[in-house]
Amino acid sequence: MAQFKNNIRKKIEPFRKFKDNAAKSIFAFGGFFIILSIFLIIFFIGKEAVPLFKSYQVDSNKNFLTDKEISENIIDFYPDEYNENLLFVNKDGQLNFYNLNTGKIKYTYSPVLLENETIVSSNSFAGDLDRILALGTSSGRILSFKLKFKLKYTSNLDRIVDLMIIPSTSITLSENAIIKFDLIENEESVTAVVLDSNKEIKFFHSEENNEEILSESLETSSVNKVYNLTTNLRNPPTDIGLYFHKNKVVAASEGGEIFLWSIENNQVVLLQQFKLSENQINKITMLSGRNSMVISDQNGSNFVFFLINNNLLKIRELPKHEHPIKNAFRGNLKKIFTSVDTKGNVKISSTTSGKELLNFKIKDYDLINFAFKDIGLLSFQNNNIEINEFDIEHPETSLKSTFTKVWYEGFQQPEYVWQSAGGTDDFEPKLSLIPLIFGTLKGTFYAVIFALPIAILAAICVSQFMAPRLKNIIKPVIEIMAALPSVVLGFLAGLWLAPRLDSVLVGVIIFPILLILSSLALPPIWEKIKEKTIIKTEGIQFFVISIPIIIIIFYLGLVLGEFIENTIFFGSFTDWLYQSAGVNYDQRNALVIGIAMGFAVIPIIFTISEDALSNVPQHLVSGSLALGASKWQTALKVVLPSASPGIFSGVMIGIGRAIGETMIVLMATGNTAIMDWDIFNGFRTLAANIAVEIPEAPVGGSLYRMLFLSSIILFMFTFIINSIAETVRIKLRKKYKEL
Amino acid sequence: MSKAINIRNLSLYYGKAKALKEVTLDIEANKSTAFIGPSGCGKSTLLRCLNRLNDLIEGVKIEGEITISGTNIYDPSIDLTNLRRNVGMVFQKSNPFPLSIYENIAYGLKIAGIKDKSKLDHVVEKSLKGAALWDEVKDRLNESAYGLSGGQQQRLCIARAIAVEPTILLMDEPCSALDPIATAKVEELIKELKKDYTIVIVTHNMQQASRVSDYTAFMFLGELIEFDETKTIFMNPSIQQTNDYISGRFG
């Protein structure tokens, strides 16, 4: 017998053991895989967001030697987009397009110069379509040219950049050589300001188109349109700049003074004059868009100035140098500023945040220029060209600019702004997450304000007062509400509810008040009815009767609301609100969201609260009732406190849902990233923002990475809130066991 | 001899199942009466009829009559709150509320609208003394009731029940979850309490019934089989079924 048993064991056990082990490892693998994939998701999201705040370095340092002959007469040079070809500007006016790799001149252009006229200064700007090269001559002229770069590829996919130079404008501004100048040239007009060798500042503006200026004889051309701005200066001017308004000129002097003129109705008006410091100002750099400028001085300081209401305001200081600033450049595509001091120290900083992005040292140089697409700095001495290449991908973002107030161009004060894209290239991206976090909290707040009382009262009603038969119908019905796709709710809210809400707004506000009043007034009447009939308060009849009563009260609310709107608010509550309180009523506002998102949140809070309330041990309820407590007292004093952690956890999970909710807020908020608690205003949430901006965000761009950062924040929000909810729930479960 | 409770032809249905079958019983004032019988015999159900706690259960239908001090407690004009204040109850499992010891005792008074602090203090002390718990908890009245031991919790529930000064005290297997020492204490308390209260106790433990009760009712399958003085039931039952149960032949 014993032997028989052993035989059976031997047969069964290996197989059972195998099954046990297999099950164990499958479950372990499944669990591990889930945890791993969550961590991987967080890791990859983080990986995309981290480069926003990384520090930059010089990617490559290249040196090229040119022929002595070529480099002899150069007064300036301009790189192409790839730092492969340079356009040399010679003293005698010759423009040579030189390939760094082959060391050969590919293209030469010689503009027509006057007798004994030489080129003394040059500048390059981004024009409407093409880059513009402008030359200042010894005889007081500015000549401008359109640079047409053409990109070709050979059969080996090697890049070939060709250049064609087309003369554009010629203006005479002075009798003396033009040392420095600033120029705005486009299809409609030409505006220039110059500093000549006689230390005089001259301003020129013409609305005529370029061909006409060109065709006029040089002597008479627009000389009468030149204004001399030098009268106010005590110290010799050092640099000049032109604002995008085209009639505002700024100048700096050796004595540290700054001047701002406006040329209006053929008159020069000195708008502002002040002394920044005792230090000589070396450089005025108009930032791209010409809305603001950076002043660099002999002391090595760089200050950003905004023009606000015709007034220059010092906004922030950029990283300071130990030595006087020799050269400074704006970024053409990015909001960056590069300054080089006399010892060859280079600092690149963000003009938006003032953060230092990169610093490095270059060799001594005679000529220097900044790469056209902000990807390098090129310096030139004798016949050696040094190229430092770098790629500052996200200059506009820093922790500070993301989470604190920033004073942006064109703003009256520092603000939190989310404005990811603008109409123009020189737009300054404003990527503060605060308005979005604010919008998320606002939407959640109004949704919870709406959902909380309804869900909890419903849970108390269903769990404590409702007949079980009715409860078995009502509870699943409310739970099905949770399965309603939020896109449907959002669609209803945005396209059906929002347009109708403003006309019945007063009624909607009155309805809950009426409901509370009537629930206070009805019970005595109810008692009377109950005595005479067989209707029980707990029975189905009660709820069946309640529904038409609620509908009647709602209808009464609407009628009363219309009456009040017509009598007290002169026919339109929203107009009255705007006129008397200055509150603007947006059609898609927080109230709509409160209602729509409330409907998404109610089933969650309701289900969890109802479970918590129903699970309060029956012996506690009996104990209370046996002491003579009414059902209501028992519910309020024993059941509710015992279930409160569960209700709290339900509310938390509801909040988590509201924070992460996307479709409803996307469709019914208007997505305005403003910071205003007003219930009648819209907002933009983190989640909706991600959905809205995805099509606008090129992969790898600042916005793209910012969206990843906001998804991390969103994840953190819901993670924290759900963790709190879960911890409370676990504690509650333990507590129920003890009860 | 005054009869505190008169039960006349009491039948109770859970839906269609008849749980109590025409029970007729008179319970004497200031005595303790025990209901004994095997599980499912309806003794707890009968007890719960006395404070109408069965009303909570859906589908319960009651026929017959229970009068307490001459009033039919199933009359529609009866206020349940008043009834339950007069008929206190202690449950099988101690069920202190998730409140402090003090608040547990004061609960019944507070829901009755008594807010006077000195009155509450007085009642709390008196009730705890009445339940022989005062000395053990007087220094920690504001601590949670869940900090007490099982026996203490049960005595707290007794104190809570007597705080509202009922005339009748129902006890549904009050010692079944307690260890022998705690049981002895509670039994001692029951003997003490019957001077002031009419006690009805449901118990599984026949020794307990014989120790604490003056009268014993033996029930079987919803029927009252025999009701008499405890001595008689245990020493000399007149019905064979009772004898079989008491001598442990079934149940």
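**Exercise 1. State where A:M716 lies and describe its surroundings on the surface.**

Solution. A:M716 belongs to helix α16 of chain A; helices are DSSP runs (H or I, at least four residues), numbered from the N terminus. The model is a predicted one, in which local features need pLDDT of at least 70, side-chain atom pairs count only at pLDDT 80 or more, and totals for chains, interfaces and linings use all residues. Residues are numbered from 1 along each chain as its sequence is written, chains are lettered from A and ligands numbered from 1 in the order in which they are written, and side-chain values use heavy atoms, with hydrogens and water left out.

Next, consider accessibility. Because its relative accessibility is 43%, A:M716 counts as partly exposed; buried means under 20% relative accessible area, exposed over 50%, and partly exposed in between (1.4 Å probe, protein chains only).

Finally, A:M716 joins A:I34, A:I38, A:I42, A:F648, A:F715, A:F719, A:I720 and A:I724 in a nonpolar surface patch with about 800 Å² of accessible area together. Patch residues have over 30% relative accessible area and no salt bridge; nonpolar side chains (Val, Leu, Ile, Met, Phe, Trp, Tyr) are joined within 5 Å, like charges within 9 Å. A salt bridge is a side-chain nitrogen of Lys or Arg within 4 Å of a carboxyl oxygen of Asp or Glu. Helix α16(A) contributes the most to this patch, with 5 residues.

**Exercise 2. Identify the positive patch that includes A:K737, and classify this residue.**

Solution. A:K737 gathers with A:K731, A:R733 and A:K734 in a surface patch of positive charge. Lys and Arg count as positive, and the place of a charge is taken as NZ of Lys or CZ of Arg. A:K737 is found in helix α16, residues 702-738 of chain A. A:K737 is classed as exposed because its relative accessibility is 75%.

**Exercise 3. Describe the aromatic pair of A:F450 and A:F599.**

Solution. Rings of Phe, Tyr and Trp (its six-membered ring) pair if their centres lie within 6.5 Å; planes under 30 degrees apart count as stacked, over 60 as edge-to-face and the rest as tilted. The count by this rule is 30 aromatic pairs over all chains. A:F450 and A:F599 form a tilted pair, 6.1 Å centre to centre with 55° between the planes. The pair links distant parts of the chain, 149 residues apart: A:F450 is in helix α5 (residues 434-465) and A:F599 in helix α11 (residues 590-614).

Methods:
Accessible areas come from the Shrake-Rupley method with a 1.4 Å probe; for residues, only the protein chains shown count as cover. Helices (H or I, at least four residues) and strands (E, at least two) are DSSP runs, numbered from the N terminus.
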